[in-house]
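Trainee: Please take one part of this model and go through it closely. I would like a single connected account.

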Amino acid sequence: MTLRTLLLDMNSYFASVEQQLRPELRDRPIAVVPVVADTTCCIAASYEAKKFGIKTGTRVSDAKKMCRGLKIVEARPRLYVETHHRIVEAVESCIPVSTVLSIDEMECRLWDNERTVDDAVRMAKLIKETIRRDIGEFLCCSIGLAPNRLLAKLAADWHKPNGLTVILQEELPQRLLSLPLRAFSGIGSRMEQRLLKAGIKTTPQFCEQTPQQLAKVWGSKLLGEVWWRRLRGEDVVDPPTKRRSVGHSNVLPPQMRNDMDAKAVMLRLLDKAAMRLRRIDYWAGTISLRIDYLDRESWQVQRELSHCQDTTTLVRAAYKLWKEKPSDTPLKVGVTLSNLVSSNNVAQPLFDEDRKLNALSTAMDELKERFGLQVVQFAEMHGTQPLDPKQAPTPDRIAFNHIPDISNAGSKKAASQTSSSKLSSHQLLDQMAALLNSQNATENLEG
Ligand SMILES: [Mg+2]
């Protein structure tokens, strides 16, 4: 009995909710957008629209060219969240949900008596029927059944819409060989590049690697082995982190040895550390600040947090700590995030404030990676010279001293706040919404 997990993925989720609630949209190509504008991107497309090649991230102006009858529908996030809760309830009337992975994706662990193919398939069909009956016939899902989550996700993605795919232990690795590398959740563009560099171009080559060879690609002995074992159907728990902390410190140049500049530098260091935290896909449970002074002994303080990885939550915590510091002449500022846990070991925040903040942070990271560290920053960092001389300042800056509400992602008000900037918050919000909908491919490079 090798089936251990059931993974459910709603198909074209936002678009399907709209088609369920608005009969006039049914059987039509529709694209859900955060705001009705040609410059924005689709955050979901119905299956009828997908036939024309329209998908999450397609620009609305392009989508309209790809399909002339396309109906543009403004997103209603609150409804998608409400529907999500109803779907979880419907699934739970069949089998307990062990992990909610995203707004349209959840995992249910199978118990010993549910692990035969017949029993597991019967359960999957019951779930599909229950969703159709309780929520609506236009809400389809694809379900994957497999020996572990990696393979169950692969199975769920195999047939869409309305798929039901089983991957058995004894079919490994033959069953996987025809898939592209990017089909594996966790292999995003960056990881794919690393695999290509190591000469691994196809899934058969990927499956042939020894744990040691995979360890070289992942830069971690532990992760290399985890991947090797998961590809073989083993149900490996996520490795504990060896990494203890992420932190930065900086000696202030003489002209910046004052409270205001020290605070701006602290924020910049924190921003950098938080970005690093997200890149390695860890969450921090402790934040600490340290200031060395010119004329007095150094000051250090630390606080426990409920695990987080978004810059805004960390900045709020840092602000509170900052108030406690002595007001002498600062010489050196340091920020450390510690008590780290891997993303896989943290319950993902859902849809509320936390989720928005994470999405915002990720969107900011993307912008920074594309346009440089200076492109988006907290208002307090303004006017401070970048501490890394390689990072030349760029003219287009967006100050984020407050967090826009994603439920207002479509509001013109939010967009107009930085209308003079080339990269408007409007565009940022578009990206954010698209990110909210996209799968969080983790590229965990360190163990
Ligand atoms: Mg989906």
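Mentor: Start with the metal site. The donor residues of the magnesium ion follow the spacing D-M-x93-D in sequence. The two aspartates link distant parts of the chain, 95 residues apart. Asp-9 sits in strand β1, residues 5-10. Asp-104 lies in the loop between β5 (99-102) and β6 (105-109). Keep in mind that this is a predicted model.

Now the atoms. Asp-9 and Asp-104 each coordinate the magnesium ion through OD. Met-10 contributes its O. The coordination distances run from 2.2 to 2.3 Å.

Are the two aspartates buried or exposed? Asp-9 has a relative accessible area of 1%. Asp-104 has a relative accessibility of 7%. The cut-off for buried is under 20%, so Asp-9 counts as buried, and so does Asp-104.

Next, the open sheet. Its 3 strands are ordered β3-β2-β4, and the pairing is mixed. β3 (44-45) and β4 (71-74) are the edge strands. Each of these pairs on one side only. Strand β2, residues 30-33, runs parallel to β4, and 4 bridges join the two. Take Ile-30 as an example: its bridge partner in β4 is Lys-71.

Finally, the helix on that sheet. Helix α1 covers residues 13-21 and packs on the sheet. It touches β2, β3 and β4. The direction of α1 makes about 110° with that of β2.

Terms used. Residues are numbered from 1 along each chain as its sequence is written. This is a predicted model: local features need pLDDT of at least 70, side-chain atom pairs count only at pLDDT 80 or more; totals for chains, interfaces and linings use all residues. Side-chain values use heavy atoms; hydrogens and water are left out. Donors are N, O and S atoms within 2.8 Å of the metal (3.2 Å for Na, K and Ca); water is not among the atoms, so sites may look incomplete. Buried means under 20% relative accessible area, exposed over 50%, partly exposed in between (1.4 Å probe, protein chains only). Two strands pair if DSSP finds at least two bridges between them. Contact means heavy atoms within 4.5 Å. Axes are lines fitted to C-alpha atoms, for helices over the stretch in contact, and angles run from 0 to 180 degrees between N-to-C directions.
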